[in-house]
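Here is a guided walk through one protein chain, from a few charged pairs out to the whole model. Keep the structure open beside you and follow along.

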Amino acid sequence: MSQQLVAYLRENDLLPDRQSAYRAHHSTETAVLRVLSDILLALDSGDIAVLTLLDLSAAFDSVDHSTLLQRLQTSYGLDGSVLACFTSYLSNRTQYVRLPTSRSTESAVLYGVPQGSVLGPILFLLYTADLLQLIRRHHLHPHVYADDTQIYGSCHPSEAGMLQQQLSTCHEVAHWIMSNRLLLNHSKTEVLWCASSRRQHQLPTGPVRIGNAYVMPVTAVRDLGVHLDADLTMTAHVTATVRACFAALRQIRSVKNSLTRDALLTLIRALVGGGYSKLDYCSSVLAFMVAHHHIHTSLRHCI
């Protein structure tokens, strides 16, 4: 079912174009690269940029089944036996809590997609696809990875107030999230203004309205595992990577006398360098910053 659904969506160009999760040739790395590339191009032309990271609480558990099925029919053209199959897949599910000697009463599962399943994540992407179009209507750019939503835009420094107003109109985004039974976690929502080092003084410092809350801008954010700072020198990312690597090395050092040399090297490669370790994760992001020699120096010292 999953293979046929994805093939159908691809053939008819129905997959959300700025959703990078659970898709071939898309990843957290490609998502960050796209956002960072767009922001850097804006900064190179003398503009400033803003990046807002929205956090949804228990998003996969909040999907409304009736809304999802209606969306599959009206937005994606699934009907007849195909829609009946998805209805059957989502219906008549129950849940309970079991303790060693007892269990709770079963209750019907009316919301959420089955996590750990193959179909669940794809259905979630289709459920939230309309959010991307809503963000675009406010002349902002979206890029999403599962339930991690990135909203960004840029302007000339003299028009920062206008861009801030565009962000404030994102209360419609918050309303869409709420009306679709999703929950926006304001405490984890972040706003980062970006500019070159020479234009840092031109960045707004006041709070930005997101939904019914006001969010104060920060100087660095963690976006899909990559730390971005306001001047995009990647200093925050390098510092965090070095700190994590040294923490792993200290732990390895405490047990190194109990390991063979081969086992020790394997452990170092697994936790520090090699494969999908701390040093390699999203390393292509640093390619944008090859002019900043201190990045490579810091990483070599870490190794």
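Arg103 is partly exposed, with a relative accessibility of 46%. In this predicted model, Arg103 has a salt-bridge partner in Glu106, and their closest N and O atoms sit 2.9 Å apart. What about the surroundings of Glu106, buried or partly exposed? Glu106 comes out as partly exposed, with a relative accessible area of 41%.

That pair is one of a set, as the structure holds five salt bridges. Another one joins Asp38 and Arg34, with 3.1 Å between the closest N and O atoms. Look for both of these residues in helix 2, which covers residues 28-44; they are four residues apart there, about one turn of the helix. Asp38 has a relative accessibility of 23%, so it falls in the partly exposed class, which starts at 20%. Arg34 is partly exposed as well, at 35%.

Now for a pair with a longer reach along the chain. The side chains of Arg71 and Asp130 meet in a salt bridge, at 3.9 Å from N to O. Arg71 belongs to helix 3 (residues 65-74) and Asp130 to helix 6 (residues 130-136), so this bridge ties together parts that are 59 residues apart in sequence. How do the two ends sit? Arg71 is buried, with a relative accessible area of 12%, while Asp130 is partly exposed at 33%.

Stay with helix 3 for a moment, and look at how it meets helix 5. The axes of helix 3 and helix 5 (residues 119-127) come within 10 Å and cross at roughly 75°. That angle makes the two helices roughly perpendicular. Which residues make the meeting? From helix 3 come Thr67, Leu68, Arg71 and Leu72, and from helix 5 come Leu123, Leu126 and Tyr127. You have met Arg71 already: it is the buried end of the bridge to Asp130.

Next, step back to the loop that runs between strand 1 (48-57) and helix 3, where you will find Ser62. Ser62 is buried, with a relative accessible area of 16%. What does Ser62 touch, once its neighbours within four places in sequence are set aside? Its contacts are Ser57, Tyr111, Gly112, Tyr127, Asn180, Arg181 and Leu182. Tyr127 is also one of the helix 5 residues that meet helix 3.

The loop between strand 1 and helix 3 also holds Ala58. Most residues other than glycine have a negative phi. Ala58 is not a glycine, yet its phi is positive, at about 45°. Ala58 is partly exposed, with 49% relative accessibility. Ala146 gives you another case: its phi is positive too, near 55°, and it is a residue other than glycine. You can find Ala146 in the loop between strand 4 (141-145) and strand 5. Ala146 is buried, at 8% relative accessible area.

Carry on past strand 5 (148-155) and you come to Pro157, in the loop that leads to helix 7 (160-168). Pro157 is buried, with a relative accessible area of 10%. Apart from its neighbours within four places in sequence, Pro157 is in contact with Gly46, Asp47, Ile48, Arg199 and Gln202. You can also compare its place with that of Leu36: the two are 121 residues apart along the chain, and their C-alpha atoms are separated by 19 Å.

Further along the chain is helix 9, made of 21 residues (235-255). From first C-alpha to last, helix 9 reaches 31 Å, close to the 30 Å expected at 1.5 Å a residue. Its buried residues are His237, Val238, Ala240, Thr241, Val242, Cys245, Ala248 and Ile252.

Now zoom out to the whole chain. How many helices and strands does it have? The secondary structure comes to eleven helices and eleven strands. The C-alpha atoms fill a box of roughly 60 × 60 × 40 Å along the principal axes. Of the 303 residues, 45% count as buried. Among contacts between residues at least 6 apart in sequence, 69% join residues at least 24 apart.

Last, a word on confidence. The mean pLDDT of the chain is 86, and 92% of its residues reach 70 or more. Over residues 291-303, though, the pLDDT is below 50, and this stretch has 23 contacts in the model beyond near neighbours in sequence. Where pLDDT is low, the predicted coordinates should not be read in detail.

How values were computed
Residues are numbered from 1 along each chain as its sequence is written. This is a predicted model: local features need pLDDT of at least 70, side-chain atom pairs count only at pLDDT 80 or more; totals for chains, interfaces and linings use all residues. Side-chain values use heavy atoms; hydrogens and water are left out. pLDDT is the predictor's confidence in each residue, from 0 to 100. Contact means heavy atoms within 4.5 Å. A salt bridge is a side-chain nitrogen of Lys or Arg within 4 Å of a carboxyl oxygen of Asp or Glu. Buried means under 20% relative accessible area, exposed over 50%, partly exposed in between (1.4 Å probe, protein chains only). The expected span of a helix is 1.5 Å times one less than its number of residues. Axes are lines fitted to C-alpha atoms, for helices over the stretch in contact, and angles run from 0 to 180 degrees between N-to-C directions. Angles under 35 degrees count as roughly parallel, over 145 as roughly antiparallel, 65 to 115 as roughly perpendicular and the rest as oblique.
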